[in-house]
Amino acid sequence: MSVQDEARLRSRLGTLLGEISPAPAPVGSVIRRGRRISRRQQAAAAGGIAVVAAAAVLGPAVLRSELAAGSAAPGPAPHYSVSVSPPGNAARRGVIATGSVNGWHWQATLSGTGNSVGARLGQDFPRLAIGTPYLADDLALLESTSDGASRYAYVGPVAAPVRYLTVSLADGQQLILRPQPWAGHRYVAMVLPAALRVRKAVAYGRAGMLGYAVPFYFGADASFQTWLRPGQAGSARATALIGSGSSQWSATAYVGPWGLCVTVYDPGGIGPGGFCQAVSQVSFGLVTGQFGGVADNVEVGLARHDVAYLMITRSDGSVVRVKVAYVAGYPYGLAAVLRPAHGGFASWVAYNAHGRRLGSGKGDPVRLR
Amino acid sequence: MVASADEEFSEFMQGRWSQLVRLGYALSGDLQTAEDLAQTAFARAYASWWRVRRADNPDAYVRRIVVNANRNRFRKPRVSELLTESLPELSVPADGVSQRDDRAVLVQELMRLSPGQRAAVVLRYWLDLSEAETAALLGCSVGNVKSQAARGLAKLRASAALLEGGLL
């Protein structure tokens, strides 16, 4: 492309984007949302301190089993009354479900088409972007959003054969979610108290049970990433620390019936994060494969079963040695690395346990295509 | 956060809101999503305001959140990108018809680029960031920015829609 072309593109982008007039800046609602994030970060930090204290008292083995089990809250749970109903005949267009949590009523309304599909659940929740449904072999894809304080909402499409879902909660309650059509797909929605966990979601079709999902919890946020066939047990639960650094960042992998989930904590980032992926959905390069991607400043990738460590050269020329961790029952190794504050990664080399070079590449080792 | 810090944040947000929404629009192709992305960025900036205000470049901080939040929109599902035969419908704000059409064509062509190419093109050629600034914001090398931007530009240059519309 010529310099003139570049100049023309700059000019066109400037003109066309510059003419967009967004709604006035919603300063008040952003500050309220920011305060909720801040409170959540403080609560997470307090939880972290509690976990560290528990580790000191109980020992790492107990702590590991507690985390692997999804960190269930100890003590008697408060009572919650939760309901979900399909929309009534007089419901407005786009309403796919209504319900209540301890007398507080909610209504899930979809809008948009194609990549712009999103859900609103009232003023307390930010709009949940859902996008174009891509279910692959999933029976349902539930996206989540939070009011930042005490409730989580889950909304998403279900696969064509699904007639309804049942959701079993930790206190014994069971919800029935009946899909409603919107923009060529069918969707379900539910709102749950943050402290009330889902034990299992089961999808039913015309001829009976199609499959089930056991969620993984990122704090109070459930991730339904792996749908198992009836009778299929899924992976045994196992946990491993896959990386940590002097700036207190850490990445931990959890394998279980939910697939593989990684939680990331980086005090220099914007808060705790993580991601999940079904074992069957791994895209793999020669030596390393892309996993969920980036949470905060920490990147996590997969390594072939024989990779023991990676030597990664940063853009500034410094080299970091990243040990590959293995979790019982998971077929690949996992590597986590802190992204440099400036620049990125220039190249990487993978070695086996005997120091033999297995492969190399340019750029980011955990973003191979 | 004390009132004066709230005022400071309010001023910061007011001054950058439009530009961040436009960045989100160029990356996502959807105005509603763009406003959500910008809100997310500012809310997170507020939550870490004591750190953001001390940063050398607070603008880079919020832009980075928008870029990452847009990337993460597709991350929770199992695929990071969805390849379809037809492009998704694009929402277009109400304004002059010809400008709206031009913008729709340009954004449609931007959406045809990979997320990395799109981000590199938008940051380099709209926000006018240097290659080093773009690399820092995207968390990749300068070489990667160069190649992503070059590939993105080459694709745009080959676009019949842009050429026919006299947009390039």
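Where in chain A is the place of A:A183? In this predicted model, A:A183 sits in the loop that links β10 (180-182) to β11 of chain A. The backbone there does something a little out of the ordinary: A:A183 has a positive phi of about 50°, even though it is not a glycine. For context, most residues other than glycine have a negative phi. With 18 other C-beta atoms within 10 Å, A:A183 comes out as partly exposed, because a residue needs 20 or more to be called buried.

A:N102 tells a similar story. This residue, again not a glycine, has a positive phi of about 50°, and its place is also in a loop, the one between β2 (95-101) and β3 (104-111) of chain A. A:N102 counts as exposed, because it has 12 C-beta neighbours inside 10 Å.

Stepping back to chain A as a whole, strands dominate the list of elements: there are 28 of them, alongside three helices. Of the 369 residues in chain A, 41% are buried. Among contacts in chain A with a separation of 6 or more, 51% are between residues 24 or more positions apart.

What about the interior? The largest nonpolar core has 81 residues, and those with the most contacts inside it are A:A140, A:A153, A:V155, A:L165, A:A189 and A:L334. Strand β11 (residues 185-193) of chain A supplies the largest share of this core, namely six residues. Both domain 2 (82-223) and domain 3 (238-362) of chain A give residues to the core, so it lies between them. To take one of those well-connected residues, A:V155 touches A:A108, A:A119, A:L128, A:I130, A:L142, A:E143, A:Y187 and A:A189, leaving aside residues up to four places away in sequence. Apart from this core lies another one, of 57 residues, which includes B:V21, B:L23, B:A119 and B:Y125.

Over in chain B, helix α6 (residues 115-125) is mostly covered, with 10 of its 11 residues buried. The buried set is B:G116, B:Q117, B:R118, B:A119, B:A120, B:V121, B:V122, B:L123, B:R124 and B:Y125. The axes of α6(B) and α8(B) come within 8 Å and cross at roughly 95°, so the two helices are roughly perpendicular to each other. On the α6(B) side, the contact is made by B:G116, B:Q117, B:R118, B:A120, B:V121 and B:R124, and these are met by B:V145, B:Q148, B:A149, B:R151, B:G152 and B:L153 of α8(B). By type, the residues of this contact split into five nonpolar, four polar and three charged.

Helix α8 (residues 142-157) of chain B also pairs with helix α7 (residues 131-138) of chain B: their axes come within 8 Å and cross at roughly 100°. That makes α7(B) roughly perpendicular to α8(B). Here B:E131, B:A132, B:T134, B:A135 and B:L138 in α7(B) meet B:V142, B:N144, B:V145 and B:K146 in α8(B). The residues of this contact divide into five nonpolar, two polar and two charged.

One of the α8(B) residues, B:K146, deserves a word of its own. B:K146 is partly exposed, with 15 other C-beta atoms within 10 Å. The C-alpha atoms of B:K146 and B:A135 are separated by 9.1 Å, and the two residues are 11 apart along the chain.

Technical notes
Residues numbered from 1 in each chain as written. Chains lettered and ligands numbered in written order. Predicted model: local features only at pLDDT ≥ 70, side-chain atom pairs only at ≥ 80, totals over all residues. Core = buried A, V, L, I, M, F, W, Y, C linked by C-beta atoms within 7 Å. Helix = DSSP H or I, 4+ residues; strand = E, 2+ residues; numbered from the N terminus. Domains from an automatic or database assignment. Contact = placed C-beta atoms within 7 Å. Axes fitted to C-alpha atoms, helices over the stretch in contact; angles between N-to-C directions. Parallel < 35°, antiparallel > 145°, perpendicular 65-115°, else oblique. Nonpolar A, V, L, I, M, F, W, Y, C, P; charged D, E, K, R; others polar.
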